[in-house]
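Me: Please take a close look at one part of this model, the strand pairing around a hairpin. Keep it plain and give the cut-offs.

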Amino acid sequence: MSRFVRASKYRHVFGQAAKKENGLENVRVSNNAWDTNLLSASAQYLSINYQVAGGGAFAILPLPGTELASGITYKLPDVIPLARGHSGPVLDTDWSPFDDRVVVSGGEDGKVHVWKIEGNEFDGWGGEKWVPQDFDPVAKINVSARKVGQVMFHPTASHVLATATGDHVVKLWDLASTDEPRSVLSGHGDTIQSIGFNTTGTLLATTCRDRKLRLFDPRQGGEAVRVMEGHGGVKSSRLVWMGETGKFATTGFSRMSDREVSVWDTASGDSPIKTLGIDQSSGVLMPFWSDNGIIFLAGKGDGNIRAYEWESDNLYALSEYSSTNPQRGLCFVPRRALNVSECEIARAYKVTGTTIEPVSFIVPRRSDSFQADIFPPAPSLEPALTAAEFFNGKTAARKLVDLDTGSVSSGPPPSAPASAFKVASPEPPKAPSGPTLSPEAVKSPSQVPLPKTPAVSEPVSAAPSRTTSIPVPTVSVSSDEDTSKLREENERLNQELRDARTQIRNLELQVETLKANAVKAKALLGDEWAIDLEA
């Protein structure tokens, strides 16, 4: 029987722990029981939830091995500069994708603090006359009367922040004006365990202790536009978006307490398109996505880090990094910070006891030249939108930087315009006003009439009718000018096809809304009949 080996440029990727001097020791990591990654990284700094006697604090340190960390020894002194200000433990931190010196923190006190590192805070580190100076926040936000469990910056709009709170809502903020949240996402039945934006920030997904997955339009606010049944187990569940694929992955536990990972498509039904069992360990799986098409899974209490390549709607296991040191938390640095000359496609920082250990994932290559096939463009420091543009409904693709030349360009056009998911939160009707739209009423892409303009300004209220095939103009390729016209026409047709697919997603979301309305109407009518019978 012949055997075939799947062709993959990442088949031989391996994890390699850094030398001792490129890590950190004597790190007093927080012992708080809240389920978090414990640390976060920009291309220049690390933030680490820290254990302190009173109040809440976290440490800010230059990334080991960088120029900023040249004067810092790998073994930290007992007293180091800390970001203090929270009256309760710090639960989560996140770095701005557009400024490696800006970080936000969320705490058990229900507040979010914004911090900016100037760079001179580490001058004279460890010297005889050196006195550690704590960091001061540049802004404070009163988010909730209960804890702030997760914080996350928007991927394309500057100064837009999402916070998940203990009163089971997600709030979106414009950091230029923090008196009131710009949007509030509600409907969660229990503690929010994980949040995540898609690449354009037009969708926000959450996992919750009530074992439901929810998709929100972050600008519309209100309840979810789609609710799906998540993992069957009661333990914590996490999620991560899978780049430009339009899909997201979740980790959790089955009803038999087996760890598993599932992949969901926002354009398909309410079931995962792929579920893969991992093992029977009890530690929470932390998922991370790389634009190389790789999902990394790190379990709390595990010593290993698994890697899976997503290809053809399937997960293929790659070589895993194994270690005898169990991890309590983990984060990955932005791909802008990778060492491309060493073919380093990803780098993680894992918390082990009082040590933070870098782990590089390397594709073995003999050539010293830049390997463009394993280094796709990475998200750049340049935002695509302002906060005002985002909340006013504008949508834009991420700005990407070429890791070889450093040139910045726009990413692929968004698969869903800003208005594509603007489905109002369903209100309970007094009585059903018409027939419920069935899923069969949603046409396939070939049945959708292609719009004349690329923007979809209003939600589609009914399924589009059949049309004839797309007319392709006849263009004679006789010169460079004709070739250019042909390319422009081809790009226009591709854009129209993307817009048509967007309309289909609109219709699918409306089907979900109508179904929810029908269920609520049935419940209300049932209550009214019960009251009439009692009367």
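Reply: What follows describes the hairpin and its neighbouring strand, then a separate sheet. This is a predicted model, in which local features need pLDDT of at least 70, side-chain atom pairs count only at pLDDT 80 or more, and totals for chains, interfaces and linings use all residues. Residues are numbered from 1 along each chain as its sequence is written, and side-chain values use heavy atoms, with hydrogens and water left out.

Strand E15 (residues 204-208) runs antiparallel to E16, joined by 4 bridges. Strands here are DSSP runs (E, at least two residues), numbered from the N terminus, and two of them pair if DSSP finds at least two bridges between them. E15 and E16 make a hairpin with 3 residues between them; in the turn, Arg 211 has a positive phi of about 65°. Across this pair, Thr 207 is opposite Leu 213 in E16.

E16 also pairs with strand E17 (residues 226-229), in the antiparallel sense and over 4 bridges. There, Arg 214 stands opposite Val 227 in E17. Strand E16 (residues 212-216) has 4 of its 5 residues buried (under 20% relative accessible area, 1.4 Å probe, protein chains only), so it is largely enclosed by the rest of the structure.

There is also an open sheet of 4 strands with antiparallel pairing, in the order E10-E11-E12-E13. Its edge strands, E10 (148-153) and E13 (183-185), each pair on one side only. Within this sheet, 5 bridges connect strand E11 (residues 160-165) with strand E12 (residues 170-174); Ala 164 has Val 170 in E12 as its bridge partner.

Definitions and conventions
Buried < 20%, exposed > 50% of the residue type's maximum accessible area, 1.4 Å probe, protein only.
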